[in-house]
Amino acid sequence: MTAPRPVSSLSASRPSRLGLVRALGIAAAAGLVLALTGAFGTVGAPLWLRLVYWVPVMLAGAIWGQVCSMLIERWVDIDERPWVGVIVLTLAISGPVSILVWFVTGFVFEGRAYPLSLLPLMVGPVVTVTATVSTINVFLSKAQPVQTHAAMSGSAAARFPDRLPMKLRGAEIRAVQAEDHYLRIHTDRGSDLILMRLSDALDELEGLEGAQTHRSWWVARGAVRDVARGDGRATLTLDGGLTAPVSRRYARALRETGWY
């Protein structure tokens, strides 16, 4: 196997912009609702103060939530066990955010730090809000699989084949599988690794007919030879005997678009 070939540091390390924008949008909207309704005993404060309090707190929580999500996804397959993902995210986020809320609430509404004895009172509201927002984020994130399309006459060809190591240049790509920070490219000439994020690869795979079947897999549509179903799951068998999983959350969308 040749040494993994890196892509630019920007594409290899940048966070998912779409996921971050979505999370911040949901947090800002939730902060607006909480401010307008005067949630959790803040109704007596002026609206402008509630907005100054709730929106930044929710945005800060969303940013911390994105960090937690990236760490948790290394151990929990959120696609297959979304409710486990919600629970783990809620637990990971709630502790630090409870401390943040305790600190900020005192200064915003009292002009001084609250006594430490009031910290436990912040946990219930924080867990409630965090669980709600985490549920929305988990079930909205990638609810529809990214599908790529064959290049039409006059349209740009897929850029991803240019990433292939020299020994695989010109090979037919059957699947792309994420392995930690690397991608394993499965072809009709074998497989190899490159250093790249799957989210970046999906952009460059446009021009090849295929779809993301799982959080960690993209599959070429023409490579699919069989499908096995059971226990609410599906597994695709590709040319050469390679098997690729289908996420529970992607299964319906792929079925409706004729994948199986």
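**A hairpin of strands and a helix pair**

Okay, let's start with the strands: E8 and E9, residues 233-238, run antiparallel and are joined by 6 bridges. Keep in mind that this is a predicted model. If you want one pair to look at on your screen, take Ala228, whose bridge partner in E9 is Thr235.

Now zoom out a little. E8 and E9 belong to an open sheet of 3 strands, ordered E8-E9-E10, and the pairing is antiparallel. Which strands sit at the edges? Those are E8, residues 224-230, and E10, residues 243-246, each pairing on one side only. Ignoring direction, neighbouring strands here are turned by 25 degrees against each other on average.

Right, over to the helices. H3 covers residues 47-72 and H4 covers 82-109; their axes come within 9 Å and cross at roughly 155 degrees. Anything over 145 counts as roughly antiparallel, so that's what we call H3 and H4. Their crossing is right-handed.

Who makes the contact? On the H3 side, the residues include Leu49, Tyr53, Val57, Ala60, Gly61 and Trp64. From H4 you get, among them, Val88, Ala92, Pro96, Leu100, Val104 and Phe109. And what's the chemistry of the residues in that contact? They split into 18 nonpolar, 4 polar and no charged.

One more stop, on H4 itself. Where does H4 bend? At Ser94, by about 35 degrees, and a proline, Pro96, follows within four residues. You've met Pro96 already, as one of the H4 residues in the contact with H3. Then, just after H4, look for Gly111, which takes a positive phi of about 75 degrees.

That's my tour, thanks.

Note on methods: Residues numbered from 1 in each chain as written. Predicted model: local features only at pLDDT ≥ 70, side-chain atom pairs only at ≥ 80, totals over all residues. Heavy atoms only, no water. Axes fitted to C-alpha atoms, helices over the stretch in contact; angles between N-to-C directions. Helix = DSSP H or I, 4+ residues; strand = E, 2+ residues; numbered from the N terminus. Parallel < 35°, antiparallel > 145°, perpendicular 65-115°, else oblique. Left-handed = near helix turned anticlockwise from the far one by under 90°. Contact = heavy atoms within 4.5 Å. Nonpolar A, V, L, I, M, F, W, Y, C, P; charged D, E, K, R; others polar. Pairing = 2+ DSSP bridges. Bend = angle between axes of the 7 residues up to and from the residue.
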